[in-house]
Amino acid sequence: MAGCGSGLCCCCCPRCCGERESRTPEELTILGETHEEEDEILPRKDYESLDYDRCINDPYLEVLESMDNKPVAAGSGIPEIKCYLNGVKVPGVVRLRTVVCKAMGVLFSVAGGLFVGKEGPMIHSGAVVGAGLPQFQSISLRKIQFNFPYFRSDRDKRDFVSAGAAAGVAAAFGAPIGGTLFSLEEGSSFWNQGLTWKVLFCSMAATFTLNFFRSGIQFGSWGSFQLPGLLNFGEFKCSESDKKCHLWTAVDLGFFILMGIVGGLLGATFNCLNKRLAKYRMRNVHPKPKLVRVLESLLVSLTTTVVVFVASMVLGECRQMSSTSHSGNDTLSLQGMSEDVNSSIKTFFCPNETYNDMATLFFNPQESAILQLFHQDGTFSPVTLSLFFLLYFLLSCWTYGISVPSGLFVPSLLCGAAFGRLVANLLKSYIGLDHIYSGTFALIGAAAFLGGVVRMTISLTVILIESTNEITYGLPIMITLMVAKWTGDFFNKGIYDIHVNLRGVPLLEWETEVEMDKLRASDIMEPNLTYVYPHTRIQSLVSILRTTVHHAFPVVTENRGNEREFMKGNQLISNNIKFKKSSILTRAGEQRKRSQSMKSYPSSELRNMCDEHIATEEPPEKEDLLQQMLERRYTPYPNLYPDQSPSEEWTMEERFRPLTFHGLILRSQLVTLLVRGVCYSESQSSASQPRLSHAEMSEDYPRYPDIHDLDLTLLNPRMIVDVTPYMNPSPFAVSPNTHVSQVFNLFRTMGLRHLPVVNAVGEIVGIITRHNLTHEFLQARLRQHYQTI
């Protein structure tokens, strides 16, 4: 029977210049809107997650195949959450089964002795909880579903994911403020003042909830709040007997700066090696059967075990359990150590009253090894620290990226702490700086290496300050992290940005480069549009939805009011002509493909109608196709306005009239309207069309029906859909002459998904999406701009 569709906003993929579907003004042209929704990077087969423009020759498809092969629960999950908070939704990243696999996988990978951490997976897990909990439903467990009408939008979901990620950081490090800043600095592209206190409250709640249960379980003292986070750095203080000892002095800042430079170089080296490994895995591991990934993980585990045992037996040094150094603060006996540090010493085939320093670092949990390096003075030789750093550096670099849940924070902290202790030992032994506190240098080394790897500044500074509970470390940590970031950025990006780029995700930076202001909106927009009229037949909507994967479509009408000025060649009125002449041949070819695709429509009435339109002989040459299109004899859609048929005397410019822009409508809304049969017949008024409420339109969120699953036999192709009640009539828009920096700031700060380009008289001439604003795309257009000067 009758079934029809309409919708609200739109989207388009500007990366596919030249391969874009477009049609004559009787049809529909694509793109643009300003809803705050996420683009979605999806595998070709994931029709349920379709939320994003994709072209057949899109350069991202090659990356999508590798993403489809790689488990979404593998790795730390921070790059995926960063993409989500930036506005790009990776399929399955916030699913229930993902967090279950993440939790179980990180449990066994850490317990199995791999050089991975659990802090990154905790951030991912917190984000998944934040995404799913307010929805009161689960796709994995379909029976879990409650009628909860609130928080049913992508904006609300993104805010909860921000809070969940911050809660994960807060629980991992006992740093609620650091978690809030992490979500702001590393994640969200779109932030508002109201979200700040909500995220902070969530982080505080996560920190104290974990503290309450850990303190009660470990000490039996419920409500004492003695263990703020999973990773505790302990208390940094000098021995009371040593009056010359200071945690740090102004002179030490010079060494800290040098350590920051070295940490940045080491971090850049780590990222370079890991990038090469990731590329190798994408080419040779991920496309192969899953067993290959399992075997790779087993190989890494076996190698790690062998290296740890051999290094401890062959390279470890047996040292006395009590050692006296040159200064009083270095005098440390077994009885004077804290209980935790004392119990973590490993003898490992050493004689009585001695211990193996290499085994003490390798055979302890990573958190205990970090405490050893922070608080146990004079117990590790420079040779042991050098070898441990080298082995741990290489093995952790190899491990990060295999198909197991794995974090990078703790391995980086441990590797950097060994580097810092090595520097302290060398300064004491060879330069004679006996006043320095080795624990401070270990902490600064950990900050330098971690900062050189992840390139975080504000949030990491606060996380380390909260973890040490020592505010006096604020200045040296901040300086070290800044120097490490500047040094590393000179060579490559942070590890998370590298993995995001390898996946081809169109991530938006915080701002554009100054030289990009040489470009205007007309230089970067996508001019080939696929649009819909305010009143469109079902057969046209079905053809558009089934033959494109655009997320949204502009709603337009032909600008008949400006026809006289247009015919006179008024540049202001006909500004869009130059963008359309270049794509005539491409559009003609698309017309032919769409005409053929309409034959697959199950309605005999529509098939007959298509046969009438294609009864003419198919032109063999491209020039004939162009002529057919210009004469408007080769259109797959029946003309809804027969009084507007072209005249034989029309010129080419006349046949591409300006299009007045009225709004944007989403693909999901069009399909929803088709499913619910929202339409009217030609003999009726559009007022007779049924109306759907907002609750009915969003009832299927976040999994809207797909056009390929629609039973077309239930639709009458001659029925008409009035899309005006459902479109977004006032999206953000820019002029063709707007500077790129203004476009970028508007797009990012307002959380837009599509940005129509509209000239001074209200004619849409193109559309901008996030693909048009990526660094690579802007660089390519800037090179073209210089070539045309």
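Below, a colleague asks a modeller how to read several features of this predicted model.

Colleague: Before I look at any detail, how much of this can I trust? What is the mean pLDDT of the protein, and what share of its residues reach 70 or more?

Modeller: Remember that this is a predicted model. The mean pLDDT is 75, and 72% of the residues reach 70 or more.

Colleague: Where does the pLDDT stay under 50?

Modeller: Residues 1-68 are one such stretch, although the model has 331 contacts there beyond four places in sequence. Residues 323-338 also have pLDDT below 50, and that stretch has 33 contacts beyond near neighbours in sequence. Where pLDDT is low, the predicted coordinates should not be read in detail.

Colleague: Fair enough. How many helices and strands are there in the protein?

Modeller: There are 30 helices and ten strands. Of the 789 residues, 57% count as buried. Looking at contacts with a separation of 6 or more, 79% are between residues 24 or more positions apart. As for the accessible surface, it comes to about 32800 Å², with 59% belonging to carbon and sulfur atoms.

Colleague: Let's take a helix. How do I read H3, and which of its residues are buried?

Modeller: Start with the span. H3 covers residues 96-111, so 16 residues, and reaches 23 Å from its first C-alpha to its last, close to the 22 Å expected at 1.5 Å a residue. Its buried residues are Thr98, Val99, Lys102, Val106 and Ser109. These cover an arc of only 105° around the axis, which puts them on the same side of H3.

Colleague: And which residues are exposed on the other side of H3?

Modeller: There you find Arg97, Phe108 and Ala111. Back on the buried side, the cover includes helix H4, residues 119-132. Just after H3, have a look at Gly113, which takes a positive phi of about 90°.

Colleague: What does the same span check give for helix H9?

Modeller: H9 runs over residues 290-315 and has 26 residues; its end-to-end C-alpha reach is 37 Å, close to the 38 Å expected at 1.5 Å a residue. The buried residues of H9 are Arg293, Glu296, Ser297, Val300, Thr304, Val308, Ala311 and Ser312.

Colleague: On to strands. Why is E6 described as largely enclosed by the rest of the structure?

Modeller: First, the general idea: in a regular strand the side chains alternate between the two faces of the sheet. In this structure, six of the seven residues of E6 (residues 552-558) are buried, so E6 is largely enclosed by the rest of the structure.

Colleague: Which strand is E6 joined to, and do they run parallel or antiparallel?

Modeller: E6 and E7 (residues 659-666) run antiparallel and are joined by seven bridges. To find one pairing on screen, go to Ala552, whose bridge partner in E7 is Leu666. E7 is mostly covered too, with seven of its eight residues buried.

Colleague: Now single residues in loops. Is Phe233 buried or exposed?

Modeller: Phe233 lies in the loop between helix H7 (193-219) and helix H8 (252-284). At 1% relative accessibility, Phe233 counts as buried. Its contacts include Ile370, Leu371, Phe374 and His375, along with Leu413, Leu443 and Leu464. Leu371 is 138 residues away from Phe233 in sequence, yet their C-alpha atoms are 6.3 Å apart.

Colleague: And Glu353: buried or exposed?

Modeller: Glu353 counts as exposed, at 56% relative accessibility. You'll find Glu353 in the loop between helix H10 (339-343) and strand E4 (354-356). Beyond residues up to four places away in sequence, Glu353 touches Arg319, Gln320 and Met321. From Glu353 to Met321 the C-alpha distance is 5.7 Å, with their positions 32 residues apart in sequence.

Colleague: One last residue. What does Ser741 touch, leaving out residues up to four places away in sequence?

Modeller: Ser741 touches Thr512 and Asp517. Ser741 lies in helix H29, residues 740-749. With a relative accessible area of 17%, Ser741 is buried, since the cut-off for that label is under 20%.

How values were computed. Residues are numbered from 1 along each chain as its sequence is written. This is a predicted model: local features need pLDDT of at least 70, side-chain atom pairs count only at pLDDT 80 or more; totals for chains, interfaces and linings use all residues. Side-chain values use heavy atoms; hydrogens and water are left out. pLDDT is the predictor's confidence in each residue, from 0 to 100. Contact means heavy atoms within 4.5 Å. Helices (H or I, at least four residues) and strands (E, at least two) are DSSP runs, numbered from the N terminus. The expected span of a helix is 1.5 Å times one less than its number of residues. Buried means under 20% relative accessible area, exposed over 50%, partly exposed in between (1.4 Å probe, protein chains only). The arc is that of the directions from the helix axis to the C-beta atoms. Accessible areas come from the Shrake-Rupley method with a 1.4 Å probe; for residues, only the protein chains shown count as cover. Two strands pair if DSSP finds at least two bridges between them.
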